[in-house]
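Colleague: Could you walk me through one part of this model in some detail? I would like to see how one helix sits in its chain, and I would be glad of some context around it.

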Amino acid sequence: MSPSASSREYGSLDRTVDQVNVEERAARFTKRSIKNESKIQGLCMALAMCDLTTLEGKDTEGKVRQMCRKARQPVPNDLQRILTDRYQMAPLSVAAVCVYPNLVSTAVDELRGTGVKVASVATGFPSGQYPLEIRLQDVREARSSGADEIDMVVNRGALLQGDYDTVFEEIAAFKAACGTAHLKVILETGEIGNYDAVRRASRLAMDAGADFIKTSTGKIQPAATMPVTLVMLEAIRDHYYETGVKVGMKPAGGIRTAKEALHYLVMLAETLGDDWLTPDLFRFGASGLVNDLLMQLAKQVSGRYQSADYFSLD
Amino acid sequence: MRTVVRKTYKMLIGGQFVRSESGRSLEVGGVNVCHASRKDVRDAVKAARAACSGWSAKTAMNRGQILYRMAEMLEARSQDFSDVTALQDVENSIDLLVHYAGWADKYQQCLATVNPVAAPYFNFSFAEPMGVVGVACGGTTLTSMVGAVAPVLTGGNTCVMLASDQTPVMACVFAEVVSTSDVPAGVLNILTGIQGETLPHLAQHMDVNALAVHSEDARSNGLLAEAAENLKRVSFWPVGEARDSLAAISTFQETKTVWHPIGL
């Protein structure tokens, strides 16, 4: 493949990441004091940014339908009523559901006319170790089933070999296959090495046409961490300064508590500014997070610490 | 001439010795102890909830062994209590723990029943632990403290114990016994402070399944109303009154009844 396919020489970085600085800075975002009123706003915002996800071998149509119903109306009626009356919150829904390609049509069917998007993982998720044609076909199938968003995995093998042109051209090909669907590029930061590699992969993905960059599949530990997300947010910022294009961010995997979600929102606001505080440009890939957000919302309005017994299991 | 190293008495939450997250402390009898806050209560309940499935799933015999191990450790550390209570009190506590250790694999036989029903079903009931139980200790003896938590633990519940306002140091020394025995982290959490502050938070908490109130001073009219929100079972225990062990254990048990079809 010709090196001219990519606009940048990715072997050398524009700048390297200072590991100590990035970890210290990420840790500092967790120390902000957030007052009650802002906390409620933040929890609702985080809820609206969730990609409710199920990516298991045991997923069934029934489970996906149930999850879609939760996606349409995650907040129990009594709690929603309080949020509307006291805090003028419009009825909340999550941003999207995220499923395997086989279950996209079920989700589309269940979410028609609701504004909740359907995202599908594709390109041989989670490993991506399949021939290019099969991965492209994976994207086309998900598209034709009605997916609004495609979460693709990068070719980590090629990335680690330093074969950046291949990675670039593959992402560009998937972007073309996506058509109008949004492309989220999963870097799988737990597999690609250090922060420099994360920054390099982020820039490469954005140059190749990613609408979102995403940390992880959720199948590999460590998944999303705050320092890794910070490195990616800074790459998004630099990309924006250079091109004027706003690329979205999706930390996924490992974010289970409302407290962590608020920390991420603080980091987002202080790194990229208020423009990014929208589900169009920031998502949480999570399954367990939604319940904790609901429990914390209920706690904020009732003053009582909540129990998982009173919230749905999935 | 050396300077005596003074001990910091800490609370036991999730198997860890911690200070109050609030940083507050209280002076009780010339000793500084932690002054637990609402968030400490929350952390303790969280730890107790996390420990619940593991503790209740242990075999009855295993739970008995662990309670017995607690008695062993109490025996070995009985001198640690010399500043806070009489040796006789410690010995009574050890005996009480051994007594409850024995009950661990026996109460089920006493509580479970086979029920006569006028239909083709094998109908039986048995006791299951309620889950997380909050215990507000009363009295000034170690025996009363052990007597308050032992029936809760014996039955497979996990416990958030609020030490009596008068004897926080004794509770802290007892926490050291607990953590050096085989009790899994989070099964027994021990908070010190003022029960008048912490007990209402425990009563409000939706993830607490039952409350056992042994202290006189923490009883307030609002307590039952707060506890009613998630139908907590609240029991009041007069200090120093002799009680039936089986009745005490069954106070923290929920009855499950199974209708098993037969003859079909």
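Modeller: Happy to! Let me start with a definition: two residues are in contact if their C-beta atoms, placed from the backbone, lie within 7 Å. By that rule, in this predicted model, eight residues of chain B are in contact with five residues of chain A. On the chain B side, those residues comprise two nonpolar, three polar and three charged ones.

Now for chain B itself. Nine helices and twelve strands make up its secondary structure elements, and 48% of its 264 residues count as buried. The radius of gyration is 19 Å, which agrees with the value near 18 Å for a compact globule of 264 residues. Along the principal axes, the C-alpha atoms fill a box of roughly 85 × 40 × 30 Å. If you take the contacts in chain B between residues at least 6 apart in sequence, 75% of them join residues at least 24 apart.

The helix I would pick for your close look is α8 of chain B, which covers residues 221-228. Its buried residues are L223(B), E226(B) and A227(B). Viewed down the axis of α8(B), the buried residues fall within an arc of 95°, so they line one face of the helix. What do they pack against? The partners of the buried residues of α8(B) are α7 (195-204), β10 (210-213) and β11 (233-236), in chain B as well. Turn to the other side of α8(B), and you find N221(B), G222(B), A225(B) and A228(B) exposed.

Note on methods. Residues are numbered from 1 along each chain as its sequence is written. Chains are lettered from A and ligands numbered from 1 in the order in which they are written. This is a predicted model: local features need pLDDT of at least 70, side-chain atom pairs count only at pLDDT 80 or more; totals for chains, interfaces and linings use all residues. Helices (H or I, at least four residues) and strands (E, at least two) are DSSP runs, numbered from the N terminus. The radius of gyration is taken over C-alpha atoms; the globule rule is 2.2 Å times the number of residues to the power 0.38. A residue is buried if 20 or more other C-beta atoms lie within 10 Å of its own, exposed if 12 or fewer, and partly exposed in between; C-beta atoms are placed from the backbone. Ala, Val, Leu, Ile, Met, Phe, Trp, Tyr, Cys and Pro count as nonpolar, Asp, Glu, Lys and Arg as charged, and the others, Gly among them, as polar. The arc is that of the directions from the helix axis to the C-beta atoms.
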